[in-house]
Structure formats: C-alpha cells, structure tokens
Amino acid sequence: MKTSRFYIIAAVLVLLITSCNDDSSMLTIINEDGTCSREMSFHPNPQAVMAPVDQSIDNDGLHFGSDWERTWSVMGDSTRHVCPITEAQWDSLQKVFPNSYVRSHILMHTKRHFGSVAEMSDSLTKVVKHLFKATASLDKHFKWFYTDYVYTETYTLTNIQQLFPIPLDRFVSADTASYWFTGQPNLAEDLTGSEQKELLDGIESQISKWMNANTFDYIYTYIVKRFWKDIKNPPVGRGQFLANKDSLLMSPAVANMKIFDEPEQVAKILKDYYHTDAFEPLFSEDRHWDRILDHQYMSLKYLMWMKPQLNLVMPGRVIDGGMGKVDGNVISYRFSGERLLPHDYIISASSRVTHVWAYIATILVIILAIGSFIYRKK
C-alpha cells in the first residue's frame, strides 16, 4: 500500500512534540464604550490574496467573508496595500524572492469592527469554522475616579470527542497533559537538564501511545461502520469485534505502532490477534485508507497549524495581564492549537481608565466648600 499521503498524522505528531515560530498574529483592541476591533495577519495562499474583496476566502482552515477588510504587506515593511494583489504584483515579488515561495514573504491582514465583544468572539468561531468556540465578556466597574475593565475570552475545543475518543487521562495525568501542551504547571521546575530530558521523553512516549490508540480506534471502528459486510468468514461477530476493541487499543502492539504505516500495522495486529487473514482484503490499495485518514485528521492539522501571537490592547492602563506579557499598553499571549487539547485556553486582562473630570469636579467641590465656609465666617 502507498503511504506517501499519510503525512497528516506524521505532521500532527511532530507538531504535538515540537514547537515552532510563526509570523501570524491576532490583534484585539477593546474600546472604552465596549466596541472593539480585531485584525488577523497571516501568510496567505495565492487564491486568498488574489480573490476579489466581495468574495469569501479560505486560507488554511480560516474563512473570511466579504465583511472583513483586507490588505497585504511585505514582511519588514509596514506599508499596507489594498487587496486583491494582482498577478503582476505577485510575479514581481517572485523576482524579488527568486529562491523561495512568495507567500512566506508577505502577510495578509483581515480586519473587522464589532459592536460588542460577544459579537467579536462569535465571529472568530465562524472564521475558524468551529474548530474551536470562542466566548468573550467585558465587565466595567465604575468607581468615580476611575473605571476598571475586565476582559475575558475563552477558547474551547468543541470536537475533542470526535478527534480523540480515547481520552488523554488514560495515558497521562491532567497536570502532565497540561504541562505538555501548555507549559503549566511547570513540572520541570528545579529539575536538572538530564532529569528534564527523562521527564519529557517519558511524556512524549505516552503522548505517542495516546495518538496511536486514537488512530487504531478510528480505523477499527471504521471497519465496522463501512467494511464489515465485505469480510468473508469473520472470526467473531460484529458485537464481539467491537467488544474486543478496548483491550486491543491498549495493547503493546498498538502502543508501538509507527507513523506512516498505520493501516498496514493494524492489519497485522488483527491478523495476530484473531489468527486469520479475513481482514487482509480490507487494507488493499482500493480501500483508500490514505483518503479516509486525511479526512479524519484534516481539522486537526488545521488546528495544529494555528500558532498566532495574540496581542490585546485594553482601554487605559493595564493593571493585570493575566498569563500574558505586558509591554506598554499591549498584552501578548502565546497561543497554539494544541493548547486547547487538555483544557480551555483563557485570556484574561484588566485595565483602568482614570477619570480626569472626576478629579477636576472633586477639586472644584472642595474649593467651593472652602470658599463657602470662608464666606459664612465673614
């Protein structure tokens, strides 16, 4: 069987155990009146950046309607150009960067204004095609001399059961899973370099076993749903076959599967377990397991590709950036799709807007009170 297209599972595994830098970003600006704006910047594919602005576009799992403003720029140059980019401009850029792909040297910027943070978060859910759900809130606390603003946005992975029916906690603890995918809590604190390597190697092994178990579960279940009628003289009935799945997916044979050859390895596991060749025809070339697995993990691939830096600008002076880093009036958060796997990803920040008018009014009241007291004494 050909295995050249089993790149998605391999890529997902690599992304789950490594990290990489990305030039994409998402800037969110919260205004004092509760309105807000969001701009997303990313490397565009030619079809997206060349599309007319009155048409919707798709770019590596992101979907933007015509209600998003679109511009583009060359990396390192702050000048914004209106979309769409022309073929002549694209060709000119290719001459400037003859030894690389143009999209790696340009950024597309999509921007939209919103009446509320709830509207903004709903829009993000649609942009990512429901890969995750975004919900946001903005609370204002008026205290005469100042108003405090508290902004929270939560990203929730909605299809975790579909992607990973075998839960993480069968392989690692909740804290271990959170540490692997988010860095918190820091389980490597106070460990030596060699101790950290031992810790990470152990977690990586368990994460790989978890991925193997879920891949095996999907193939095994797919056989029952789609191919069971094609099995000649099955060694057990459909019900017993399904009943055996749990013990099989936790077996050493599944744990030790290697990426790229999952269907072939599943065929061997079934043959060894049931002592029959009855399942062999299910893994022939015309069963298209490459296409089946590509379809199953396509949304996961898009999720793993998402590594934008999240920048947040709050009204007034930032007093708490949560888990973000504060630089002036900008709060930056590290985000990536895999951070959603163990639990929700939550952005939370607080800021304070000082009311100059309140100080002036208070001073005037004090002056008037003093003046009135002096006048009465006279």
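A residue counts as buried when its relative accessible area is under 20%, as exposed when that area is over 50%, and as partly exposed in between. Keep those cut-offs in mind as we walk through this protein, which is a predicted model. Our starting point is a tryptophan, W144. With a relative accessibility of 37%, W144 falls between the two limits, so it counts as partly exposed.

Where does W144 sit along the chain? You will find W144 in the loop between strand β8 (133-142) and strand β9 (146-156). Leaving aside residues up to four places away in sequence, W144 touches H355, W357, A358, A361 and T362. Now look for K95, which is 49 residues from W144 along the chain. The C-alpha atoms of W144 and K95 are separated by 60 Å.

Let us step back to the whole protein. Its secondary structure consists of 13 helices and 14 strands. The radius of gyration is 27 Å, while the globule rule gives 21 Å for 378 residues, so the protein is more spread out than a compact globule. Along the principal axes, the C-alpha atoms fill a box of roughly 115 × 55 × 45 Å.

What share of the 378 residues is buried? The answer is 45%. Among contacts with a separation of 6 or more, 68% are between residues 24 or more positions apart. On the outside, the protein exposes about 19,800 Å², and carbon and sulfur atoms supply 54% of that area. As for charge, there are 38 positive and 43 negative side chains, and the centres of these two sets lie 5 Å apart.

Next, find the open sheet of eight strands. Reading across it, the order is β6-β5-β7-β2-β1-β10-β13-β12, and the pairing is mixed. At the edges stand β6 (81-82) and β12 (325-327); each has a single partner strand, so one side of each is left without a neighbour in the sheet. It helps to recall that strands of a sheet pair through backbone hydrogen bonds, either parallel or antiparallel.

Both kinds of pairing can be seen by following a few strands. Strand β1 (residues 25-30) pairs with strand β10 (residues 309-313) in the parallel sense, over five bridges. Here M26 has L310 of β10 as its bridge partner. On to the next pair: β10 and β13 run antiparallel and are joined by five bridges, with L310 opposite Y333 in β13. L310 therefore appears in both pairings, with M26 and with Y333.

In a regular strand the side chains alternate between the two faces of the sheet. Strand β13 (residues 330-334) has a covered face with I331 and Y333, and an uncovered face with V330, S332 and R334.

From β13 we reach the edge strand β12. These two strands pair in the antiparallel sense over three bridges, and D327 stands opposite V330. Together β12 and β13 form a hairpin with two residues between the strands, where G328 takes a positive phi near 70°.

Finally, turn to helix α4 (residues 117-127). Which of its residues are buried? They are V117, M120, S121, S123, L124, T125 and V127. The elements covering these buried residues include β1, β2 (36-42), β4 (62-64), β7 (106-114), β8 and β9. Just after α4 comes K129, which has a positive phi near 55°. Here the tour meets earlier stops again: β8 and β9 are the strands on either side of the loop that holds W144.

Technical notes. Residues are numbered from 1 along each chain as its sequence is written. This is a predicted model: local features need pLDDT of at least 70, side-chain atom pairs count only at pLDDT 80 or more; totals for chains, interfaces and linings use all residues. Side-chain values use heavy atoms; hydrogens and water are left out. Helices (H or I, at least four residues) and strands (E, at least two) are DSSP runs, numbered from the N terminus. The radius of gyration is taken over C-alpha atoms; the globule rule is 2.2 Å times the number of residues to the power 0.38. Buried means under 20% relative accessible area, exposed over 50%, partly exposed in between (1.4 Å probe, protein chains only). Contact means heavy atoms within 4.5 Å. Accessible areas come from the Shrake-Rupley method with a 1.4 Å probe; for residues, only the protein chains shown count as cover. Lys and Arg count as positive and Asp and Glu as negative; His and the chain ends are not counted. The place of a charge is taken as NZ of Lys, CZ of Arg, CG of Asp or CD of Glu. Two strands pair if DSSP finds at least two bridges between them.
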